[in-house]
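Let's take a walk through this structure together. Have a look at the picture first, and then we'll go through it piece by piece.

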Amino acid sequence: MIKHLDFEKPIIELHERIEELKALNGNMSGIYQTELKKLNAKLVKIRKEIFSSLTPWQRVEMARHPNRPYTSDYVKFLFKDWTEIHGDRRFSDDNAIITGIGSLEGISFVVVGHEKGRKITEKVKRNFGSAHPEGYRKALRVMKLGGKFNLPIVCLVDTAGAYPGIGAEERGQALAIAENIKEIAVIPVPIIVIITGEGGSGGALAIGIGDRIYMQEFSVYSVISPEGCASIIFRNQEYKKEAAGYLKITAEELKKFQIIDGIISEPEGGAHSNHEEAAKLVGETILKLYQELKDIPRDDLIDKRIEKFSQMGVYIEG
Amino acid sequence: MKWFQIRKKIGKESAKKEIPDGLWIKCTSCDEILYKKEVEKNLMVCSKCNFHFRVNSAFYKKLLLDEGSFTSFDENIQTADPLQFKGYVKKIEAARKESSLSEAVITGEAKIDGRDVEVAIMDFSFIGGSMGSVVGERVRRAIERASKQSLPLLTVNASGGARMHEGIFSLMQMAKTATALNKLKTPYISILTNPTTAGVLASYASLGDILIAEPGALIGFAGPRVIKQTIKKELPDGFQRAEFLLEHGLIDMIVSRKNLKDTIISLLSHLC
């Protein structure tokens, strides 16, 4: 069953009516045709209305949409000759992060991305996209492979956060994240980061260091989930909608803050309504950014990357 | 006994037992009533159970740095309110008053046993030692000065994590500090005190060449409450305490407060 969000209801209903009408295709007379045209126009209008005025909380819901494309979908639509690489060679293979090599328009890329899993059994296998330390260590290992063999890197970020569990702490979750941030910064190949869904705090940042940071239109990126913020600051999770607003986590806001470099538009109705089209738009951006970065001398690339993050933050210098 | 149980217990007992103001304090861990002057003489450590009371940045400055050697830097970097987050300005004002500090970290240059060092000492009393833009920038500049002048770096950490009121800017301080460490070629010693958690631990605090924890310090990525809610199970005894981390190979050593300076001096003499 296709799941949808509450505010998507008018769109879904209209869509169903259009489909019903189309089913009568055989004896479609002029009246039907006119009606169909009218409904299609209405659909475009409603979509525009709904998606141009989403609240911050609705955007969080969009970013977490159960039908939103995941790393495996982008790999399927974009990267040919895909070879997945497994394991951190330390402890295990964390399925919450997918790593591998594939070819986009004839260029080999290392791809690293969170994977939430679609069906329930897969979600469990993927731990809902929340990685353990071994996931981050696998990511770093494979990204270094990119550095060694001069393959540009694409990171697709979509996680509620690094997993808060006993094993994760025993194996050094914080240490794994810290080491990733530090060491990814000096990998001598172009690194393109795209937030595709939820950019959940340190778990996102651990594969979020790069030369260009882009967000898909309806993704979010935040230091803490709105629920977490509400429960800590307002002592009540019910304030999650307000917290989503206060935290300023949408692509537009983060572009304005110069935390991200650009926004990738999504198909009408969001990435989940058309995976292939969403992937196409992501692929075009990757290629454009790769062209910008590929000829920058490697030392400059690293210096600029560190400089980029050293500029982030707002303070008063009196 | 787990830390959250300890807390509960204190809440209950302190209501029952009246402790005369000022002269006596009760150990947070073993409940022993201690003569305050004795505890102070013992570097705020319980003489009965070795519990290390939380102390502020001024205490560590006195404990670790040669007397009068500290020169503060970047005090002029002050907190802004980039998100115009509800209540943040007032919170900062209150924190300044309560702690007499301008932010949650002091940074500067000092001498340890006559040796020049760059230092960053966090203070939990300023909004839980949380890291916002000011903490990130002061620490980054301390790292940069250490790199440029080839001085060893010492950080003393105490933090609940990122400063939520600065949203994404706080998160990016993890990136700012951790990536800056790539340029540091001199020894970096990181002291993890109670507590060092979340964003600070998941960035520069974990990246020391040497990681030293104080006994009993809570050190972890996620808070125990969050983990308990997630896994819906009781947490093992001593979970996320310094001793637990040592056992799991995550830190280099646990050092009592009274031996901390000597340990640092000895390490620096080997590494520098």
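In what kind of crossing, left-handed or right-handed, does α8(A) pass α6(B)? Find the two helices and you'll see that the crossing of α8(A) past α6(B) is right-handed. Keep in mind that you're looking at a predicted model.

Let's stay with that pair for a bit. Helix α8 covers residues 173-184 of chain A, while helix α6 covers residues 167-180 of chain B. Their axes lie 8 Å apart, and the packing angle is about 65°. Because angles of 65 to 115 degrees count as roughly perpendicular, that makes α8(A) roughly perpendicular to α6(B).

So who's actually touching whom? On the α8(A) side, the contact is made by I177(A), A178(A), I181(A) and K182(A). Facing them from α6(B) are M174(B), A175(B), A178(B) and T179(B). Sort the residues of this contact by character and you get six nonpolar ones, one polar and one charged.

Now zoom out to chain A. Its domain assignment gives two parts: domain 1 spans 6-53, and domain 2 spans 58-310. The centres of these two domains of chain A, taken over C-alpha atoms, are 35 Å apart. Where they touch, domain 1 of chain A puts in five residues and domain 2 of chain A puts in nine.

And how confident is the predictor? For the complex, it gives an ipTM of 0.95 and a pTM of 0.94. Chain B has a mean pLDDT of 93, with 92% of its residues at 70 or more. Over residues 1-16 of chain B, though, the pLDDT is below 50. Beyond near neighbours in sequence, that stretch of chain B has 16 contacts in the model.

Terms used:
Residues numbered from 1 in each chain as written. Chains lettered and ligands numbered in written order. Predicted model: local features only at pLDDT ≥ 70, side-chain atom pairs only at ≥ 80, totals over all residues. Heavy atoms only, no water. Axes fitted to C-alpha atoms, helices over the stretch in contact; angles between N-to-C directions. Helix = DSSP H or I, 4+ residues; strand = E, 2+ residues; numbered from the N terminus. Parallel < 35°, antiparallel > 145°, perpendicular 65-115°, else oblique. Left-handed = near helix turned anticlockwise from the far one by under 90°. Contact = heavy atoms within 4.5 Å. Nonpolar A, V, L, I, M, F, W, Y, C, P; charged D, E, K, R; others polar. pLDDT = per-residue confidence, 0-100. Domains from an automatic or database assignment.
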